[in-house]
Amino acid sequence: MSPWLTVVGIGEDGFKGLGRNARHALLRASRIIGGQRQLDLLPVCIRGERQLWPSPFSLAPVLTRRGEPVCVLASGDPMFYGVGASLARQVAAEELLILPAPSSVSLAAARLGWPLQEVVTLSVVARPLAALNAHLASGVRLLVLSNDGRSPAAIAALLVDSGFGPSRLTVFEHLGGADEQRIDGLAQSWEHTSVADLNVVAIDCVADVNTPRLSRLAGLPDSAFKHDGQLTKRDVRAMTLARLAPMPGELLWDVGAGSGSIGIEWMRTHPSCRALAIEADAGRQSLIEQNRDALGVPGLHLIRGKAPDLLHGLEAPDAIFIGGGVTREGVLDTCWQQLRPGGRLVANAVTLQSEMTLMAWRAEHGGELTRIHVAQAQPLGEFDTWRQALPITLLEVIKPL
């Protein structure tokens, strides 16, 4: 089947900047769908009927025209945070032709002389700004697609709050067009409260001297989390996450999430990792919300309530961590039932009663038990001695396929 749908990427330079194939597709189209800004870039010689995207946004105007010669206009590269990606999930590849223009991040990298393969590209278009926190580290370069003209100021404020005030910001307005402008400055002294809505922010990250290093590897410092004492401590957390073994795209249930540390570190391992934090205590729910934003994973989904009552009807997980409540009736059984075949269940116990529960579970279902002892050197008079933390019993079970 020859393509009936063509998605044309168009830049600020408009129709004159398009290649021959894109121009011919627009000239042949019976209908052209896009935003007002893109449609206004077309000359009068384009005769196809012009149609705005509906509000709220929907692909229906395109999909209902299947078989007709339809063009969709998109900014820059339609497959980079664009409508092309959405259409590619709905329309077969042989029915679809995508003709990209240079993306705004490609143009920004060219202006700055930044090798694009060494840059982290992100979008805050209808996305939480707090997600940037997961990517902040000295020496990292970010290119961020702004939501609107207020985004650069909001990004500068976030950088200051996160300890990256010395970071260098460059804002590009209307890249590739006659109105292109560049604004440079430091996050800590950024004065531009509003710029053009169409802008890209380049960030050359520089941390304050006292900003802690937050690695993507498991085992963030306990001080990175706000908590009320219900926190899986750093060394145990690192061992627990090693057994949970997060992989891209996988879903974790963090049952009895406390401060949310396990789910947060799970999601920090890869942008596509997802987690549900199940927590009944209202105070700890608030801590989870604060920690997930501060550590750059605002997509962590908080489930408010007790297990096992709220575990039914949730998306089946690839891994489950039970940090609290293993002795509560039905928690282990429900988690095991809901876990995907091949999934990992890891549970930690501190009390004798919870340890006995894990031992009984292992006798029935198999798995491995590990006793974790952690001691830290602490002062004793004029000397130091080892202070033993409470031992942890860890159960790891893999559900048969």
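**Entry 1: the layout**

I started with the domain assignment, which splits the protein chain into domain 1 (5-102), domain 2 (105-205) and domain 3 (222-399). Note to self: I'm looking at a predicted model here.

**Entry 2: domain 2 against domain 3**

How far apart are the C-alpha centres of domain 2 and domain 3? I get 35 Å. For the contact itself, I noted five residues from domain 2 and six residues from domain 3.

Next I looked up the area buried between domain 2 and domain 3, which comes to about 410 Å². Carbon and sulfur atoms give 67% of that area. Then I wanted to know which three residues supply the most on the domain 2 side. They turned out to be Ala-130, Asn-133 and Ala-134, with 71% of the area that domain 2 buries against domain 3.

I sorted the residues by class as well. On the side of domain 2 that touches domain 3, I have four nonpolar residues, one polar residue and no charged ones. I then checked the interface of domain 2 and domain 3 for salt bridges, and the rule finds zero. For polar contacts across this interface, my note reads one residue pair, both at pLDDT 80 or more.

**Entry 3: Gln-38**

I moved on to a single residue, Gln-38, and found its place in helix 2, which runs over residues 36-39. Buried or exposed, I asked myself about Gln-38? It counts as buried, because its relative accessibility is 10% and the cut-off for buried is under 20%.

What does the side chain of Gln-38 pair with? I found a polar contact of 2.7 Å to the side chain of Ser-75. Ser-75 is also on my list of residues that Gln-38 touches, along with Ile-10, Leu-73 and Ala-74. I left residues up to four places away in sequence out of that list.

**Entry 4: Asn-291**

My last stop was Asn-291, found in helix 9 (residues 282-294). With a relative accessibility of 2%, Asn-291 counts as buried too.

Which backbone atom lies 2.8 Å from a polar atom of the Asn-291 side chain? I traced it to the backbone nitrogen of Lys-226. Lys-226 shows up again when I list the contacts of Asn-291, leaving aside neighbours within four places in sequence. The others I wrote down for Asn-291 are Ala-224, Phe-225, Ser-259 and Ile-264.

Note on methods:
Residues are numbered from 1 along each chain as its sequence is written. This is a predicted model: local features need pLDDT of at least 70, side-chain atom pairs count only at pLDDT 80 or more; totals for chains, interfaces and linings use all residues. Side-chain values use heavy atoms; hydrogens and water are left out. Helices (H or I, at least four residues) and strands (E, at least two) are DSSP runs, numbered from the N terminus. Buried means under 20% relative accessible area, exposed over 50%, partly exposed in between (1.4 Å probe, protein chains only). A polar contact is a pair of N or O atoms within 3.5 Å; within protein, one must be able to donate a hydrogen and the other to accept it, and residues adjacent in sequence count only if both atoms are side-chain atoms. Contact means heavy atoms within 4.5 Å. Domain bounds come from an automatic or database domain assignment. Buried area is the accessible area (1.4 Å probe) that two parts lose on being put together, summed over both. A salt bridge is a side-chain nitrogen of Lys or Arg within 4 Å of a carboxyl oxygen of Asp or Glu. Ala, Val, Leu, Ile, Met, Phe, Trp, Tyr, Cys and Pro count as nonpolar, Asp, Glu, Lys and Arg as charged, and the others, Gly among them, as polar.
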